[in-house]
Amino acid sequence: MASHIVGYPRIGPKRELKFALESFWDGKTSAKELQDVASDLRLSIWKQMADAGIKYIPSNTFSYYDQVLDTTAMLGAVPSRYGWSGGGEIGLDIYFSMARGNASVPAMEMTKWFDTNYHYIVPELGPDVEFSYASHKAVQEYKEAKALGVDTVPVLVGPVSYLLLSKPAKGVGKLFSLLSLIDKILPVYKEVVAELKAAGASWIQFDEPTLVMDLDSKKLCAFTHAYKELELSVSGLNVLIETYFADIPIEAYKTVTALKGVTAIGFDLVRGSKTLDLIRNGFPSGKYLFAGVVDGRNIWANDLDASLSTLQALEGTVGKDKLVVSTSCSLLHTAVDLVNETKLDKELKSWLAFAAQKLLEVNALAKTLSGLKDEAFFSANAAALASRRSSPRVINEPVQKAAAAVKSSDHRRATNVSSRLESQQRKLNLPVLPTTTIGSFPQTPELRKVRREYKANIISEEEYVKAIKKEIEEVVKLQEELDIDVLVHGEPERNDMVEYFGEQLSGFAFTKNGWVQSYGSRCVKPPIIYGDVGRPKAMTVFWSMLAQSMTKRPMKGMLTGPVTILNWSFVRDDQPRSETCYQIALAIKNEVQDLEKAGINIIQIDEAALREGLPLRKSEQAFYLDWAVQSFRITNCEVQDTTQIHTHMCYSNFNDIIHSIIDMDADVITIENSRSDEKLLSVFREGVKYGAGIGPGVYDIHSPRIPSSLEICDRIKKMVSVLETNVLWINPDCGLKTRKYSEVKPALTNMVGAAKITRMLL
Ligand code: GLN
Ligand code: ZN
């Protein structure tokens, strides 16, 4: 019985690659130094897998930035603006220009990789692209491993998924189909395969995760066509097609199991319980099944006994020698190594498995199927799981009861939004086109230092409160000087909008090194939700009251919503996500109630990541939206009519979820807008019909550029032409945390000026 790993984190157990990249980009170190760090990382990963006993070890899963960009380089599909002359090998300079832009050309677009928090660089293709074999990275990595004595399975982004994940280049006609390029890219793939073969490879893995999406028959045919085309080139090789991230639809299952020249297929059996049924109902004889039973998307220890019985049942279907134990997807989406978590207690650690530990799990399962069960490993696992199931740290009965009770009714404010807004206006007395900001103000190095020193017990609580209070005073004073209508306290006490709440809620744990790559050198460190979520005490009331006491203007209370807290954490797998979300919602509800009692009349509940959690398959989306929106409503369904609830969402494709956004029933919705004026118009129009206040961001906060008053006026004018003025709010796109005061002051001055000019013209 063999074992296989789909892919492995490349950033390093202590983010070694991140630091090497950033120092190279800053010109502090040479390309050679960067390359050395990279090859050390690759070597240690291969060695780790070999030592763990993994049979099919992947190569070419390393990347200096992104595996899709690597494929673009392999195919020589460099957009012309990067000035690549063509021919020969693409160097690091062109590669990083595509990834990050350079002095004269902006970067290529980046977008989320399926429903993960990883972002890939979107290929831009048109009918005239000249493809050529321009990066030999896959072959080089294969050879590099081989020289170390490790025979690997080279991994390539499959040709059809590559095209389906691309976008048409600017100016390309509407009739152009990306899939029409398939016959142009296959010759390059053939060259790569031939070289890999010549170098001694006996397996090759094509990642075709788009197979789990809702694909029409034309797209499915592209797979059939592509692999038939490749059949001759791959003959003599074992070809593995990897699919992951969801259940595979039956049509796609039929397609992939019938592909020519393909000897093995990998499925995500963690998210794919229905896929298991498909396999049971028929799997082509003679082909290998790579069974992804170890979760690549989470940090929990595998239930080895449960996996074992799944695998044993599969053995009956596909045959003992054709079953390979694998991960559900690349381990890129989980944390790297638990060994570096010196602060987590022993019990909690025993419940977890990061990438390095998952290697051992995969191997232990494979060995068991070969009759070599490591009894000690299995019983330690069973004991850890049992302790997790019954631990008083996990179970909080009052929370469970409250969350169960929540499901029996619909949670909605009693009055409709228009009359609520009227009651609120009587109390708040705001001008038309009220101005506000999204919450955070610049986080200066001094501010970060204060928080750091408080955390490390270097300064006392008293000193800390004094420093934060001073910061809030300045932010309030600034906003009054700028003449903003609805103020914020600036969030100086928060390092991160999820971490801040997680640290105060029960059921959360934090790692020291549990980093997961988000894009390029950027990583996030999601909190771990391991238990029932409760709110032992108020989290923001102290600061909000303090801030409100400094001004007569309304001060917004500022909370992160339950869905965002959920989507930006590693979520427990022993109950449905919806259950955990309801628990968080109840905790946030308590906070909302306390803020209201404390005299805060406007409360913003950010749902920056609501769209992000949308399942890949259409059939599952309605259910998600239902409990996600319900969770948001739970947080504020009991406030008085006069309390105004805002929500904020970062940029995402909202068009398909407009009705759910409206169903959140917030009084005011602020949305990041400046990158997509047209696309969002329909959202706003729907919003108008519904009657809520709407604040489409009037300027981009991601750039240091200061928008002129005239430019903002123009934007507002456009919005006024679509929306009624009485629902429109004037605000930036998002929080100002990453900006400098030297940018924020003039930008907000111009924003308020633009609002005032527009008011006069109305
Ligand atoms: N209130 C948060 C802030 O201003 C919102 C951030 C976000 O939407 N990502 O920082
Ligand atoms: Zn935002």
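A residue counts as buried if 20 or more other C-beta atoms lie within 10 Å of its own, as exposed if 12 or fewer do, and as partly exposed in between; C-beta atoms are placed from the backbone. Gln548 is buried because 22 other C-beta atoms lie within 10 Å.

This is a predicted model, in which local features need pLDDT of at least 70, side-chain atom pairs count only at pLDDT 80 or more, and totals for chains, interfaces and linings use all residues. Residues are numbered from 1 along each chain as its sequence is written, while chains are lettered from A and ligands numbered from 1 in the order in which they are written.

**Gln548**

Gln548 sits in helix 20 (residues 541-548). Helices (H or I, at least four residues) and strands (E, at least two) are DSSP runs, numbered from the N terminus. Leaving out residues up to four places away in sequence, Gln548 touches Met555, Gly599 and Ile600. Contact here requires C-beta atoms, placed from the backbone, within 7 Å. Glu686 is 138 residues from Gln548 in sequence and 33 Å away in space, C-alpha to C-alpha.

**Strands 18 to 21**

Strand 19 (residues 644-649) is mostly covered, with six of its six residues buried. Gln644, His646 and His648 point one way from strand 19. Ile645, Thr647 and Met649 point the other way. Strand 20 (residues 668-671) is covered on both faces: Val668 and Thr670 are buried on one side, Ile669 and Ile671 on the other.

Two strands pair if DSSP finds at least two bridges between them. The pairings around strands 19 and 20 are tabulated with one partner pair each.

| Strands | Bridges | Sense | One partner pair |
|---|---|---|---|
| 18 (residues 602-606) and 19 | five | parallel | Ile602 and Gln644 |
| 19 and 20 (residues 668-671) | four | parallel | His646 and Val668 |
| 20 and 21 (residues 693-696) | four | parallel | Ile669 and Ile694 |

Ile669 in strand 20 also stands opposite Thr647. Strand 18, helix 23 (residues 618-636) and strand 19 form a right-handed β-α-β unit. The chain then passes from strand 19 through helix 24 (residues 658-663) to strand 20, and this β-α-β crossover is right-handed too. Right-handed means that, with the strands pointing away from the viewer, the path from the first strand over the helix to the second runs clockwise.

**The eight-strand sheet**

An open sheet has eight strands in the order 1-12-11-10-9-8-6-2, with parallel pairing. Its edge strands are strand 1 (2-3) and strand 2 (57-59), each pairing on one side only. Strand 1 runs parallel to strand 12 (residues 323-327), joined by two bridges. Ala2 has Val324 as its bridge partner in strand 12.

**An annotated region**

The UniProt annotation "domain: Cobalamin-independent methionine synthase MetE N-terminal", from an unreviewed entry, covers residues 3-316. UniProt positions are given in the numbering used here, feature names are shortened, and annotations may be inferred rather than shown by experiment. Over residues 3-316 the chain is 42% helix and 13% strand. The end C-alpha atoms of that stretch are 18 Å apart.

**Ligand 1**

There are 13 residues around ligand 1. Ile438, Gly439, Ser440, Ala608 and Gly735 come nearest. A residue is near a molecule if its C-beta atom, placed from the backbone, lies within 6 Å of it. By class, the shell has six nonpolar, four polar and three charged residues. Ala, Val, Leu, Ile, Met, Phe, Trp, Tyr, Cys and Pro count as nonpolar, Asp, Glu, Lys and Arg as charged, and the others, Gly among them, as polar.

Terms used: Two residues are in contact if their C-beta atoms, placed from the backbone, lie within 7 Å.
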